[in-house]
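Please look over the sequence and the structure shown below before reading on. The report that follows goes through this model step by step, under short headings.

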Amino acid sequence: MTPETVLAEVIENVFVANSKPKDVFAALLPAVCDVLHTDRCFLHLRNPHTRTYQNFCWRRSPEIPDTSTNGWEAEIEWEREDPMFAAALRAAPSIFVEDVDLASSDVLNIDFERKYFGHRALIHAHLCQDGLLWAILQPCIFGHPRVWDEFDRSFIHQVLEKLKPFVLSYVRDVEV
């Protein structure tokens with residue numbers, strides 16, 4: 001099955017069946033996990049002008065840490081400790097980490113990842129517009145490494161493109 005077929009069959013339904021951003025987010029996260037066979041997926045929304053953020057999270061089981069927030073919060077300057085967040089702020093390409101334990105320190109801070117996230121493999125997918133970071137979509141795996149193949153990469157790229165108008169609309173409509 002090609003990424004285009006999967007997007008048409010699985011993810012496209014999320015965008016067709018839902019018109020409100022929050023509904024899209026709620027339906028999209030488990031769908032991304034199903035397609036990629038991941039344990040958790042969260043969407044980190046941010047207002048690049050106010051440096052506030054909100055997380056939506058879906059996880060396969062309650063043992064997996066929940067990264068959800070209760071509304072909008074002030075953003076910490078994570079880029080000081082987190083090279084992936086610093087890359088996202090620069091609107092660098094998305095990052096596909098196959099094994100947190102083996103990744104180089106210029107890609108990620110292993111102590112930061114263990115302390116806040118606990119995953120073993122992840123995609124740090126950057127949703128940017130006009131050079132500004134508006135969201136990070138992060139599907140991840142716990143307990144073992146994962147090779148992210150061309151299907152996974154193409155799929156994430158397509159999801160970000162479909163998701164972008166919903167993220168921009170949601171963030172811009174919220175006064176924070």
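## Charges over aromatic rings

Arg153 is placed over the face of Phe96, at 4.4 Å from the ring centre. A second arrangement of this kind involves Arg172, which lies over the face of Trp134 at 5.0 Å from the ring centre. As with everything that follows, these values come from a predicted model and were computed from its atoms.

## The sheet and its order

In this predicted model, 6 strands form an open sheet in the order β3-β2-β1-β6-β5-β4, and the pairing between them is antiparallel. Strands β3 and β4 (95–97) stand at the edges and have a single partner strand each, so one side of each is left without a neighbour in the sheet.

Strand β1 covers residues 40–47, and it pairs with β2 in the antiparallel sense over 8 bridges; within this pairing, Leu45 has Gln54 of β2 as its bridge partner. The hairpin made by β1 and β2 has 4 residues between the strands, and in this hairpin Arg51 takes a positive phi near 55 degrees. Strand β1 is also joined by 6 bridges to strand β6 (residues 132–141), again with the two strands running antiparallel, and here Leu43 stands opposite Leu137 in β6.

## Strand β2 and its surroundings

Why can strand β2 be described as largely enclosed by the rest of the structure? The strand spans residues 52–59, and 6 of its 8 residues are buried, so the description follows from that count; a residue is called buried here when its relative accessible area is under 20%. Besides its pairing with β1, strand β2 pairs in the antiparallel sense with strand β3 (residues 73–74) over 2 bridges, and Tyr53 stands opposite Glu73 in β3.

## Aromatic pairs around Tyr170

A pair of aromatic rings is described by the distance of the centres and the angle of the planes. In this model the count comes to 10 aromatic pairs. One of them is formed by Phe56 and Tyr170, which are arranged edge-to-face, with 6.0 Å from centre to centre and 70 degrees between the planes. Because Phe56 lies in strand β2 and Tyr170 in helix α5 (residues 150–173), this pair ties together parts that are 114 residues apart in sequence. Both Phe56 and Tyr170 are buried.

Tyr170 also forms an aromatic pair with Trp72, and this pair is stacked, at 6.2 Å centre to centre with 20 degrees between the planes. Trp72 lies in the loop between β2 and β3 while Tyr170 lies in helix α5, so the pair ties together parts that are 98 residues apart in sequence. The relative accessible area of Tyr170 is 12%, and it is therefore classed as buried. Taken together, Phe25, Phe56, Trp72 and Tyr170 form one aromatic cluster.

## Salt bridges between distant parts

The number of salt bridges in the model comes to 11. In one of them, the side chains of Arg60 and Asp34 meet at 3.3 Å, N to O, and the pair links distant parts of the chain, since Arg60 is in the loop between β2 and β3 and Asp34 is in helix α2 (residues 21–36), 26 residues apart. Arg60 is partly exposed, with a relative accessible area of 39%, and Asp34 likewise counts as partly exposed, at 44% relative accessibility.

Another salt bridge joins Arg46 and Glu75, whose closest N and O atoms are 2.8 Å apart. This pair also links distant parts of the chain, with Arg46 in strand β1 and Glu75 in the loop between β3 and α3 (83–89), 29 residues apart. Arg46 and Glu75 are both buried, and they belong to a network of salt bridges that links Arg46, Arg51, Glu75 and Glu79.

## A buried arginine without a salt bridge

Which side chain of opposite charge is nearest to Arg40, and how many ångströms away is it? Arg40 lies in strand β1, and although Arg40 is buried, it has no salt bridge, for the nearest side chain of opposite charge, that of Glu113, is 7.2 Å away. A salt bridge is counted within 4 Å, so the pair of Arg40 and Glu113 is not one. The side chain of Arg40 does have a polar atom 2.8 Å from the backbone oxygen of Pro65, and a polar atom of the Arg40 side chain also lies 3.5 Å from the backbone oxygen of Phe117.

Definitions and conventions. Residues are numbered from 1 along each chain as its sequence is written. This is a predicted model: local features need pLDDT of at least 70, side-chain atom pairs count only at pLDDT 80 or more; totals for chains, interfaces and linings use all residues. Side-chain values use heavy atoms; hydrogens and water are left out. Buried means under 20% relative accessible area, exposed over 50%, partly exposed in between (1.4 Å probe, protein chains only). Two strands pair if DSSP finds at least two bridges between them. Rings of Phe, Tyr and Trp (its six-membered ring) pair if their centres lie within 6.5 Å; planes under 30 degrees apart count as stacked, over 60 as edge-to-face and the rest as tilted. A charge sits over a ring if NZ of Lys or CZ of Arg is within 6 Å of the ring centre and within 35 degrees of the ring normal. Lys and Arg count as positive and Asp and Glu as negative; His and the chain ends are not counted. A polar contact is a pair of N or O atoms within 3.5 Å; within protein, one must be able to donate a hydrogen and the other to accept it, and residues adjacent in sequence count only if both atoms are side-chain atoms.
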